[in-house]
Amino acid sequence: MLNCYVLSPSILVFDGIADKSSTESVAPLTFLAIQQHCTLYEDFIDIVPTANSITLYLRDPKRREFWRNYILEHYLKFEYQRADATVHCVPTRYGGAYGTDLAALSTLLSQSVDEIIMQHSAFEYMVSFMGFLPGFGYLTGLPPALHVPRKAVPSTKVPSGSVAIAEALSAIYPSASPGGWHVIGQTDLKLFDPNSTHPCLFKPGDIVRFEALND
């Protein structure tokens, strides 16, 4: 069930977290469908989906009640249109000096390094939402066999371009940062350029494919 609350006169937040009135949470793809639909209109300064919510920043506070009622009434009819998504190919060097956690992850998951690389690069991922760092996209679609908790002790510095996994997600670090995800590879792809017209390479709804460069 979708819930709505007013954050300010011009900001609406819709969340789909299950509560006492509903035991079912709203699927993350629903928030991308809401974003895609609202983007068709000029009423919004910004639209920000997350894993369990979406925030709408309205140009005119007088439009708040219209959008509140409209989305609550129609959101189940919205369908995410995958054909509009941009597809990104991410050349990735796995293991060794590029993926410093891959060997330990092999032991933890009882899978060979080659099996992990094969699985990680065999599937398509969707950018479900952005956050943590500028240009950092949370990628859903990680195969269940690679789901793993975050590291017990986070690294103080994860290099820029690191390809990592944690829980049911994969990601690429757009800049050097502390981090608790398992680093399995690295790419030279630039994910964030503050001097560009569009600073972030990824946006919610984009499709990501990893291409293994290892021999």
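**A guided reading of the predicted model**

Strand 3 and strand 4 (residues 53-58) run antiparallel and are joined by five bridges. The coordinates discussed here belong to a predicted model. Within this pairing, Ile47 stands opposite Leu56 of strand 4. Helix 1 packs on the sheet to which these strands belong, where it touches strand 2 (11-15), strand 3 and strand 4. The direction of helix 1 makes about 165° with that of strand 3. Helix 2 (residues 64-74) also packs on the sheet, with strand 1, strand 2, strand 3 and strand 4 as its points of contact. Its direction makes about 15° with that of strand 2.

The sheet itself is open and is formed by four strands in the order 1-2-4-3, with antiparallel pairing. Its edges are strand 1 (3-8) and strand 3, each of which pairs on one side only. On average, neighbouring strands of this sheet are turned by 15° against each other, direction ignored. In general, the strands of a sheet pair through backbone hydrogen bonds, in either a parallel or an antiparallel arrangement.

Glu42 occupies the loop between helix 1 (28-38) and strand 3 (44-49). Is this residue buried or exposed? Glu42 has a relative accessibility of 72% and therefore counts as exposed, the threshold for that class being over 50%. Although Glu42 and Leu58 are 16 residues apart along the chain, their C-alpha atoms are separated by 9.1 Å.

Further along the chain is helix 3 (residues 102-109), whose buried residues are Leu102, Leu105, Ser106 and Leu109. Why do these residues line one face of the helix? Viewed down the axis of helix 3, they fall within an arc of 110°, so they line one face. The general background is that an α-helix has 3.6 residues a turn, so residues three or four places apart point the same way. Ala103, Ala104, Thr107 and Leu108, on the other side of helix 3, are exposed. The buried residues of helix 3 pack against strand 5 (87-94), helix 4 (113-122), strand 9 and strand 12 (182-186). Just after the helix, Ser110 adopts a positive phi of about 55°.

Strand 9, one of the elements against which helix 3 packs, leads to the next pairing. Strand 9 (residues 162-166) pairs with strand 10 in the antiparallel sense over four bridges, and Val163 has Ile172 of strand 10 as its bridge partner. The two strands form a hairpin with two residues between them. In the turn of this hairpin, Glu167 has a positive phi of about 55°.

Strand 10 also pairs with strand 7 (residues 137-140), in the antiparallel sense and over two bridges. Here Leu169 of strand 10 is the bridge partner of Thr140. Along strand 10 (residues 169-172), Leu169 and Ala171 point one way, while Ser170 and Ile172 point the other way. All four of these residues are buried. As a general rule, side chains in a regular strand alternate between the two faces of the sheet.

The last stop is Gln186, which lies in strand 12. The side chain of Gln186 reaches the backbone oxygen of Ser160 at 3.0 Å. Beyond its neighbours within four places in sequence, Gln186 is in contact with Pro91, Thr92, Arg93, Tyr98, Pro159, Ser160, Gly161, Ser162 and Val163. Among these contacts, Val163 is the residue already met as the bridge partner of Ile172 in strand 10.

Methods
Residues numbered from 1 in each chain as written. Predicted model: local features only at pLDDT ≥ 70, side-chain atom pairs only at ≥ 80, totals over all residues. Heavy atoms only, no water. Buried < 20%, exposed > 50% of the residue type's maximum accessible area, 1.4 Å probe, protein only. Pairing = 2+ DSSP bridges. Arc of directions from axis to C-beta. Contact = heavy atoms within 4.5 Å. Polar contact = N/O pair within 3.5 Å; in protein donor to acceptor, adjacent residues only side chain to side chain. Axes fitted to C-alpha atoms, helices over the stretch in contact; angles between N-to-C directions.
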